[in-house]
Amino acid sequence: MSAPANRPVVLESAETLAASVRSGARSAVEITRAFLAQADRTAAKLETYLHRMPDRALQDAEAIDRKRAAGEALGNLAGVPIAIKDNICVRGVPTTCGSKILEGYRPPYDAHVIERLRAADAVVIGKTNCDEFAMGSSTENSAYRITKNPWALDRVPGGSSGGSAATVAACEAPLSLGSDTGGSVRQPAAFCGVYGLKPTYGAVSRYGLVAFASSLDQIGPFARSARDTALVQNVICGRDARDTTSRAEARPIDLETLEEGISGLRVGVPRSILDEAGDGLAPSVRAAFEAAISALERAGARIVDVALPHAKYAIATYYLIAPAEASSNLARYDGVRYGVRRPDGDLRGMYEATRGAGFGREVKRRILLGTYALSAGYYDAYYLRAQKVRTLIRKDFLDALAASDALLLPITPTPAFKIGEKTDDPLAMYLSDIFSIPASLAGVPALSFPVSFDASGLPIGLQLVGRPFDEGTMLKVARAYEKEHDAASRVPAIVTAGEGGAR
Amino acid sequence: MPIDVSVVRKIAALARLRIEAAEEERYARELGSILGFVEQLQALDVSGIEPTSQVTEGARPALRPDEVCPSDARDEALAGAPERDGDYFKVPQVV
């Protein structure tokens, strides 16, 4: 864990930074200033944030330094800056979910994960850009701005948690939180070359996460190493009475177990799912996948063939279930209690005008689709049938994970695509979710980890899938891979470009 | 699967969502394309399969003790309202 003393703060791991604050080697203020300065150089170019909060962050950092001076024990994220996706409530801080309908909204409470982060002495530094209400795979559906991929500014960072992925990749923050409904943490993590974890459904309380599709939504961390990913997960996981789906089975991972290696561990490979993607699967991703299988074998893992026969139905299933739940969840945006109001005659006119003006195209499309799928005469054929197929998909995963300890599969069919490339064809955008959605429907944990770069220097990530409440095994596999090929140690040129370089 | 603009109008009304007339045609086309794609589920035999509405099976819904605990402060909850009248949210006339 020891690093050269002259290593720039912004390249340091969260674990090392927190340890240095606890030991007094560095102050929380010094660390926070370093990341804020980095973000000053790049955030406007990358458009990673919807709201930055440097003053508040420095106040919080000062309070942590005072705590240490007073001899109080500090938490596991002592003085470590963290960026928060804009669909997670932070008390008193604008929270828009990337939507015009919530412009000006300041939540009167902290989400559960924010309470946990503050209790661990982390420093919240801002709210990151995302697709409107987390609906999208490129962050182009934000009503406010288009975030750029730090590795290639003409490409998307992925989505919907694109700002959270890009800000960590650009070393503007060592850590961030996103939310993952159908891949919204894992896909941008892969596009930006960082780690992104979707915990088991029920592992993290969603209290204070703006609901999109409640049977799928999970909050998860982004980081630049397997250990840092585990460090955040350990802080945010566990039971919270305010989210009845959160479960006590979600327990912290002992970080030292990640160093044990993977000798004898069974890694299941569902090859048929690659064929489903067909020509859509980029040769560079296929090659990275095959190389990773060999690397894990060399590290001692046993590769096991497994099948996910119903995974090919996952996209169709998801695009019925998620919009159906969204159409119901988004009914609350009616211009009465918060956000924007457009008066138009009577109450109904006001509802229709407010929602018509406040929601963007993708959100409207999904509300319409969900309303259709739930409407009289179609419920059984669409929503109920999709829920039955979901049962089959989940069973596939549990069977495959009985024959193996974790699964390895791609997370995205291609590296990051160009800005504007898929905005005219919603179905084409949906089809790029082919590898992320199955694990979401199954409710099992899944981790996107960086493995390599393509010929043009774009990051490639792959995905591990674990048994319910076993995030540790996936992180152990990723850590074993990381020890041999640390793809996340490379940073994009934008980090060191410009005056003074990284400090 | 072709979707008629009259269907778009009907579901938009159900969702209390105003769609500009110029946009109806495009939504109809896009919904038709997505619904055509999800048709593949009809080919699957799901007889006797239980639906999954939540992946927390095997776990009883966790209940909390029925105790009085702090709720949202009224002023804070009302602070974000587009229009308020004292301690109430104000809406346009209903009847």
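C171(A) lies in the loop between α5 and β4 of chain A. In this predicted model, C171(A) has a positive phi of about 60° although it is not a glycine. Most residues other than glycine have a negative phi, and most peptide bonds are trans. C171(A) is also buried, with 25 other C-beta atoms within 10 Å, a count to be set against the threshold of 20 or more that defines burial.

**Backbone features in the loops**

The loop between β3 and α5 of chain A contains A134(A). Phi of A134(A) is near 65°, again a positive value in a residue other than glycine. A134(A) is buried, and 30 other C-beta atoms lie within 10 Å. S160(A) is likewise placed in the loop between β3 and α5 of chain A; a cis peptide bond connects G159(A) to S160(A), with omega at about 10°. A glycine with a positive phi, G238(A), comes just after α7(A). The table collects these angles.

| Site | Angle | Value |
|---|---|---|
| A134(A) | phi | near 65° |
| C171(A) | phi | about 60° |
| G238(A) | phi | about 115° |
| G159(A) and S160(A) | omega | about 10° |

**Overall form of chain A**

Chain A has 17 helices and 11 strands. Its radius of gyration is 21 Å, close to the 23 Å that the globule rule gives for 503 residues, so chain A is as compact as a globular protein of that length. The C-alpha trace of chain A spans about 65 × 55 × 45 Å along its principal axes. Of the 503 residues, 64% count as buried. Among contacts in chain A between residues at least 6 apart in sequence, 77% join residues at least 24 apart.

**The sheet and the helices on it**

An open sheet is formed by 11 strands of chain A, in the order β1-β3-β2-β4-β6-β5-β10-β11-β9-β7-β8, with mixed pairing. The edges are occupied by β1 (49-52) and β8 (302-305) of chain A; each has a single partner strand, so one side of each is left without a neighbour in the sheet. From one strand to the next, the twist averages 30°. Helix α3 (residues 54-69) of chain A packs on this sheet and touches β1, β2 and β3 (123-128) of chain A. The direction of α3(A) makes about 160° with that of β3(A). Helix α5 (residues 162-169) of chain A lies across β1, β2, β3, β4, β5 and β6 of chain A and runs at about 155° to β4(A).

Strand β4(A) has a neighbour on either hand in the strand order. With β2 (residues 81-85) of chain A, β4(A) pairs in the parallel sense over 3 bridges, and I82(A) stands opposite L175(A). With β6(A), the pairing of β4(A) is antiparallel over 5 bridges; there, S179(A) has I219(A) as its bridge partner. In a regular strand the side chains alternate between the two faces of the sheet. In β4(A), L175(A), L177(A) and S179(A) point one way, while S176(A), G178(A) and D180(A) point the other way. Since 6 of the 6 residues of β4(A) are buried, the strand is largely enclosed by the rest of the structure.

**Helix α7 and the α9–α16 crossing**

Helix α7 (residues 226-236) of chain A is likewise largely enclosed by the rest of the structure, because 11 of its 11 residues are buried. Among them are R227(A), D228(A), Q233(A) and N234(A). The buried residues of α7(A) pack against α1 (14-23), α4 (112-119), β4 (175-180), β5 (195-198), β6 (218-223) and α16 (471-484) of chain A.

Helix α16(A) also meets α9 (residues 283-298) of chain A: their axes come within 10 Å and cross at roughly 95°. That makes α9(A) roughly perpendicular to α16(A). On the α9(A) side the contact is made by A292(A), A295(A) and L296(A), and on the α16(A) side by V477(A), Y481(A) and E484(A). These residues divide into 5 nonpolar, no polar and 1 charged.

**The contact between chains A and B**

In the predicted assembly, 53 residues of chain A are in contact with 46 residues of chain B. On the side of chain A that touches chain B, at least two residues are supplied by each of α10 (314-329), α11 (347-358), α12 (361-374), α13 (380-400) and α14 (426-431) of chain A. The most come from α13(A), which gives 10 residues. By class, this side of chain A has 26 nonpolar, 13 polar and 14 charged residues.

Technical notes
Residues numbered from 1 in each chain as written. Chains lettered and ligands numbered in written order. Predicted model: local features only at pLDDT ≥ 70, side-chain atom pairs only at ≥ 80, totals over all residues. Contact = placed C-beta atoms within 7 Å. Helix = DSSP H or I, 4+ residues; strand = E, 2+ residues; numbered from the N terminus. Nonpolar A, V, L, I, M, F, W, Y, C, P; charged D, E, K, R; others polar. Buried ≥ 20, exposed ≤ 12 C-beta atoms within 10 Å, placed from the backbone. Pairing = 2+ DSSP bridges. Axes fitted to C-alpha atoms, helices over the stretch in contact; angles between N-to-C directions. Parallel < 35°, antiparallel > 145°, perpendicular 65-115°, else oblique. Rg over C-alpha atoms; globule rule 2.2 N^0.38 Å.
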